[in-house]
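Colleague: Would you walk me through this model with a few questions and answers? I have the sequence and structure open beside me.

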Amino acid sequence: MSTQVYLLTGYLGSGKTTLLQKMLTHLRAQDSKVVVVMNEMGEEDIDGEQLQGFGFPVKKLLDGCICCSIRGEMTESLKEIITSIQPDKILIETTGVADPVDVIDGLTHPELYESIELKGIITVVDASRFSELNSRFQSTSALVKTIRNQVKYADLLLVNKIDMTADDALEKVKRKLSELNPHAPVHLTIQSDMDLHTLLTVTRLPDHVAAQGEAVSHVPVQKSIGRMSAVDRLKQSLGLRTSSPSLFNSIETFSYPFAGPVDGARFEDFLYSLPKNVYRAKGYVLFHGREELISFQHTDNQVHLFPFENHGPKMVAVFIGEGMNRDKMIADLEKCY
Ligand SMILES: Nc1nc2c(ncn2[C@@H]2O[C@H](COP(=O)(O)OP(=O)(O)OP(=O)(O)O)[C@@H](O)[C@H]2O)c(=O)[nH]1
């Protein structure tokens, strides 16, 4: 059985730890086996201290952001947690400046892919500061991008600190959030207080799609990290432009288990020819005529292949992108044997 992973994002001070404490109180009453992964930018662990006393292990990843400098460390920690503790749930609190897209990259490591189920990206928005943080006049463009991605990729949005927000300002925040992410359910909260059953049963795109009776293309394993409206999916399948870029924010992943060794040169060509909407490819594979397992990484049209000493991992490829043509990619992979 795979471990359910909840990703908590939101800008600094928005109310993530407050929410985490509520989730832990709820899960403790349910006897769930939970591990918390906390990420803080500095060397000092502030929030972790507040989580002592719940009786759950807290893994701290300090002095770097899991979306960039210590992404590998997060992957290693998750592997270790899953192997040694086998929890029902892992709750990850990211730093306020983490971009969820990059965190997802760390979560989709080939050795983790089948052991975890990303249940949802839950974003806590500080209603009293959102408009200021989202303004290109008052924030840096990097921060604006991060703040917007935290909203765009959320499966559920908590609009917190409404006790500190005037009614008209709150209306403006709600309007902006629905422009950025028209699909995620929005909950207005004080002290991140909301129904925890609703929070923990957050659903992701494939479930929405299935509920709408839409055909899902056949691939060995597929997961989706974002969403696109049914109309836009249809338009995309017909090769038409989707109605608005903000609706087309579906970060999707799928994995492809190799049936046997492949031809090294053809596989390398395949990686170099991946289109721009495939942001990442990574995994392990065997090449004809070579004994050792090859680890491969593809990003920004750069390909790295290196022998991997450990023979443990399965031969599998994981892809991350938006609007990927999976059938074609799988057909191209099949030509590499
Ligand atoms: N007035 C008010 N204060 C709140 C609310 N929610 C949280 N706070 C307070 O805001 C402060 C920051 O909350 P945290 O839960 O630590 O926020 P965080 O997102 O974990 O912060 P970082 O770890 O710095 O990213 C704390 O003092 C909370 O008590 C709210 O709805 N209203």
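Modeller: Happy to. Two strands count as paired if DSSP finds at least two bridges between them. Do keep in mind that this is a predicted model.

Colleague: Then let us start with Leu7: what is its bridge partner in E4?

Modeller: Strand E1 covers residues 3–9, and Leu7 has a partner in more than one strand to consider. E1 pairs in the parallel sense with strand E5 (residues 116–126) over 7 bridges, and there Leu7 stands opposite Ile121. E1 also pairs in the parallel sense with strand E4 (residues 89–93), over 5 bridges. In E4, the partner of Leu7 is Ile92.

Colleague: Nice. Is Glu292 buried or exposed?

Modeller: Glu292 sits in the loop between strand E10 (278–285) and strand E11 (293–299). Leaving aside neighbours within four places in sequence, its contacts are Pro307 and Phe308. A residue is exposed if 12 or fewer other C-beta atoms lie within 10 Å of its own. Glu292 has 12 such neighbours, so it counts as exposed.

Colleague: And how many residues of helix H4 are buried?

Modeller: H4 spans residues 100–107. Among its buried residues are Pro100, Val103 and Leu107. The helix is largely enclosed by the rest of the structure, because the buried count is 7 of the 8 residues.

Colleague: Lastly, which helix gives the most to the shell around the ligand?

Modeller: The shell has 3 nonpolar, 10 polar and 4 charged residues. Of the 17 residues around the ligand, Gly15, Lys16, Thr17, Thr18 and Gly96 come nearest. With 3 residues in the shell, the helix that gives the most is H1 (residues 16–29).

Technical notes: Residues numbered from 1 in each chain as written. Predicted model: local features only at pLDDT ≥ 70, side-chain atom pairs only at ≥ 80, totals over all residues. Near = placed C-beta within 6 Å. Helix = DSSP H or I, 4+ residues; strand = E, 2+ residues; numbered from the N terminus. Nonpolar A, V, L, I, M, F, W, Y, C, P; charged D, E, K, R; others polar. Buried ≥ 20, exposed ≤ 12 C-beta atoms within 10 Å, placed from the backbone. Contact = placed C-beta atoms within 7 Å.
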